[in-house]
Amino acid sequence: MSSNDYFERVADRWDEMRSGFFSEKVRETAYKTAGIQTGKQAADIGAGTGFVTEGLLRQGLEVIAVDQSEAMLAELKKKYPDLDCRQGQAEGLPLADRAVDYVFANMYLHHVERPSAAIKEMTRILKKGGRLVITDLDEHDFEFLKYEHHDRWMGFKRDDVADWFKASNLGDVTVDCVGLNCCADSADESSSAKVSIFVASGTKL
Ligand SMILES: C[S@@+](CC[C@H](N)C(=O)[O-])C[C@H]1O[C@@H](n2cnc3c(N)ncnc32)[C@H](O)[C@@H]1O
């Protein structure tokens, strides 16, 4: 099963699944790190059913939600029928150059084939001075997440993430701890993953 097939299959259960993996603190940390301001435009990449989008809308931002999965976006549309939802892929996001003030991506990077290229593509759609904020998993060794959750990467080294940001024409690069773990049990309950979450940010130069 591909990662896309996986998300198509779990879309109507994702909100419930997600709430067991990590809490709202992840998106609150992302917003704080970005320094979000009401009235600005944001893109939520790998938006899924809208965990990051929802909080941004509540704080008065305009949001464009992008995901490869039609089923995940359909769930998001049920909640926000007027939301600008766009189906698209990491390698070619359906947004113009310099379109938005902020780009967020929560738990998306470990699913893409080429993380460094995905970061470059997210930077492309940022206005000059705009902020890219990625929240994702630190490097881990819980193999079952690859097979059961279709993760492409077993988290990341923070130094690699910082290097990819810098190579993408981003300045003020930081990679910090959110202070929270992502938790999941394997299907046969023989393994319990507890993986720390980082928040990486940079400003488009
Ligand atoms: C773990 S979910 C996270 C969803 C949401 N950001 C959240 O925090 O609940 C990863 C999402 O990224 C999307 N995704 C994975 N690989 C992608 C790719 N190459 N291009 C676009 N979206 C992708 C999946 O369809 C899925 O909705």
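A residue counts as near a molecule or strand if its C-beta atom, placed from the backbone, lies within 6 Å of it. Residues are numbered from 1 along each chain as its sequence is written. The model is predicted: local features need pLDDT of at least 70 and side-chain atom pairs count only at pLDDT 80 or more, while totals for chains, interfaces and linings use all residues.

**Exercise 1. Describe the shell around the ligand.**

Step 1. The ligand is surrounded by 19 residues. The closest are Gly-46, Gly-48, Phe-51, Gln-68 and Ala-90.

Step 2. Sort the shell by residue type. Ala, Val, Leu, Ile, Met, Phe, Trp, Tyr, Cys and Pro count as nonpolar, Asp, Glu, Lys and Arg as charged, and the others, Gly among them, as polar. The shell then holds 9 nonpolar, 8 polar and 2 charged residues.

Step 3. Look for helices in the shell. Helices (H or I, at least four residues) and strands (E, at least two) are DSSP runs, numbered from the N terminus. Helix H1 (3-10) and helix H4 (51-58) each contribute at least two residues to the shell.

**Exercise 2. Characterise the protein chain as a whole.**

Step 1. The chain contains 8 helices and 7 strands. Its radius of gyration is 16 Å, close to the 17 Å that the globule rule gives for 205 residues, so the chain is as compact as a globular protein of that length. This radius is taken over C-alpha atoms, and the globule rule is 2.2 Å times the number of residues to the power 0.38.

Step 2. The C-alpha trace spans about 50 × 40 × 30 Å along its principal axes.

Step 3. Of the 205 residues, 44% are buried. A residue is buried if 20 or more other C-beta atoms lie within 10 Å of its own, exposed if 12 or fewer, and partly exposed in between, with C-beta atoms placed from the backbone.

Step 4. Two residues are in contact if their C-beta atoms, placed from the backbone, lie within 7 Å. Among contacts between residues at least 6 apart in sequence, 65% join residues at least 24 apart.

**Exercise 3. Trace the sheet from edge to edge.**

Step 1. Two strands pair if DSSP finds at least two bridges between them. In this model 7 strands form an open sheet with mixed pairing, in the order S3-S2-S1-S4-S5-S7-S6. Strand S3 (84-87) and strand S6 (170-185) are the edges, each pairing on one side only. Neighbouring strands are turned by 15° against each other on average, direction ignored.

Step 2. Follow three of the pairings. Strand S4 (residues 100-106) and strand S5 (residues 126-137) are parallel over 6 bridges, and Asn-106 has Thr-135 in S5 as its bridge partner. S5 and S7 are antiparallel over 7 bridges, with Arg-131 opposite Thr-203 in S7. S6 and S7 are antiparallel over 11 bridges; here Asp-176 has Val-199 in S7 as its bridge partner.

**Exercise 4. Place helices H6 and H8 against the sheet.**

Step 1. Axes are lines fitted to C-alpha atoms, for helices over the stretch in contact, and angles run from 0 to 180 degrees between N-to-C directions. Helix H6 (residues 115-124) lies across strand S1 (41-45), S4, S5, S6 and strand S7 (192-204), at about 145° to S5. Helix H8 (residues 158-167) also packs on the sheet, where it touches S6 and S7 and makes about 140° with the direction of S6.

Step 2. The buried residues in H6 include Pro-115, Ala-118 and Ile-119. The buried part of H6 packs against S1, S4, S5, H8, S6 and S7.

**Exercise 5. Why is H4 described as largely enclosed by the rest of the structure?**

Step 1. Of the 8 residues of H4, 6 are buried, so the helix is largely enclosed. They are Phe-51, Val-52, Thr-53, Glu-54, Gly-55 and Leu-56.

Step 2. Their cover includes helix H2 (14-21), helix H3 (25-34), S1, strand S2 (62-67), helix H5 (70-79) and S4.

Step 3. After H4 comes Gly-60, with a positive phi near 80°.

**Exercise 6. Examine two non-glycine residues with positive phi.**

Step 1. Most residues other than glycine have a negative phi.

Step 2. Asp-172, not a glycine, has a positive phi of about 50° and lies in strand S6. Asp-172 counts as exposed because it has 11 C-beta neighbours inside 10 Å.

Step 3. Glu-189 has a positive phi near 65° and sits in the loop between S6 and S7. That hairpin has 6 residues between the strands. Glu-189 counts as exposed because it has 7 C-beta neighbours inside 10 Å.
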